[in-house]
Amino acid sequence: MVTRMVRDMDENDAPDEGTLRFLKTLVTVLTVTMIVGLATIVGLFVMRFSAADNFVFPDSITLPDGIVAEAFTQTATWYAVVTADDEILVFSRATGALVQRIDVNTD
């Protein structure tokens with residue numbers, strides 16, 4: 001059936017060479033754009049996550065007795081531990097000492 005449809009096609013029904021060249025150019029440009037975009041995204045991820053100081057964790061954290069840690073966050077000068085008792089314990093990065101306790105009201 002397909003061969004009959006192709007045989008029945010008129011020469012006027014076939015797309016002209018200029019249109020096919022234009023479509024081929026569009027597909028090529030789209031492909032190149034997608035490859036460049038993907039390479040850019042991968043490059044940004046690699047540059048962002050390969051920085052040496054992004055994931056520097058303290059060697060150890062001494063929590064008060066009975067405290068269970070649930071989350072951890074840090075900056076250049078301090079780090080904090082969120083506890084199971086809805087408290088945030090802020091420690092000095094330089095000394096490792098507990099600097100502040102913040103009670104989080106979840107009511």
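This passage describes the fold, the charged pairs, the surface patches and several single residues of a predicted model.

The secondary structure of the protein chain consists of two helices and four strands. In sequence order, these elements follow the pattern α-α-β-β-β-β. Helix α2 covers residues 17-49. Strand β1 spans 69-74, and a loop lies between α2 and this strand. Strand β2 spans 78-83 and strand β3 spans 87-92, with a loop between the two. Strand β4 is formed by residues 98-103. The protein chain has 107 residues, of which 9% count as buried.

Side chains of opposite charge can pair when their charged atoms come close. Two salt bridges are present in the structure. One of them joins the side chains of E17 and R21, with a distance of 2.9 Å from N to O. E17 and R21 are four residues apart in helix α2, so about one helical turn separates them. E17 is exposed, because its relative accessible area of 61% is over the 50% cut-off. R21 has a relative accessible area of 49% and is therefore partly exposed, a class that lies between the limits of 20% and 50%.

A salt bridge is also formed by E87 and R101, whose closest N and O atoms are 3.2 Å apart. This pair links distant parts of the chain, with E87 in strand β3 and R101 in strand β4, 14 residues apart. The side chains of E87 and R101 also make a polar contact, at 3.2 Å. E87 is buried, because its relative accessible area of 16% is under 20%. R101, with a relative accessible area of 43%, is partly exposed.

Charged residues also appear in a surface patch. The residues E70, D85, D86 and D103 form a negative surface patch. Of this group, D86 can be described further. D86 is located in the loop between β2 and β3. The relative accessible area of D86 is 33%, which means that this residue is partly exposed. A residue joins a patch only with over 30% relative accessible area and no salt bridge, and D86, at 33%, is over that area limit. The backbone of D86 has a phi near 60 degrees, which is a positive value in a residue other than glycine. E87, by contrast, lies in strand β3. E87 has a relative accessible area of 16% and a salt bridge with R101, so it meets neither of the conditions for a patch.

A second patch is nonpolar. L20, F22, L23 and L26 make this surface patch, which has an area of about 390 Å². F22 is located in helix α2. F22 is exposed, because its relative accessible area of 52% is over 50%. The value of 52% is also over the 30% needed for a residue to count in a patch.

Two further residues were examined for their surroundings, namely V81 and F57. V81 belongs to strand β2. The relative accessibility of V81 is 2%, so V81 counts as buried. Along the chain, V81 and V68 are 13 residues apart, and their C-alpha atoms are separated by 9.3 Å.

F57 is in the loop between α2 and β1. With a relative accessible area of 48%, F57 is partly exposed, because this value lies between 20% and 50%. F57 and R93 are 36 residues apart along the chain, and 9.6 Å separates their C-alpha atoms.

Definitions and conventions
Residues numbered from 1 in each chain as written. Predicted model: local features only at pLDDT ≥ 70, side-chain atom pairs only at ≥ 80, totals over all residues. Heavy atoms only, no water. Patch = residues over 30% accessible without salt bridge, like charges linked within 9 Å, V, L, I, M, F, W, Y side chains within 5 Å. Areas by Shrake-Rupley, 256 points an atom, 1.4 Å probe, with all protein chains shown as cover. Salt bridge = Lys/Arg side-chain N within 4 Å of Asp/Glu carboxyl O. Lys, Arg positive; Asp, Glu negative; His and termini not counted. Charge placed at Lys NZ, Arg CZ, Asp CG, Glu CD. Buried < 20%, exposed > 50% of the residue type's maximum accessible area, 1.4 Å probe, protein only. Polar contact = N/O pair within 3.5 Å; in protein donor to acceptor, adjacent residues only side chain to side chain.
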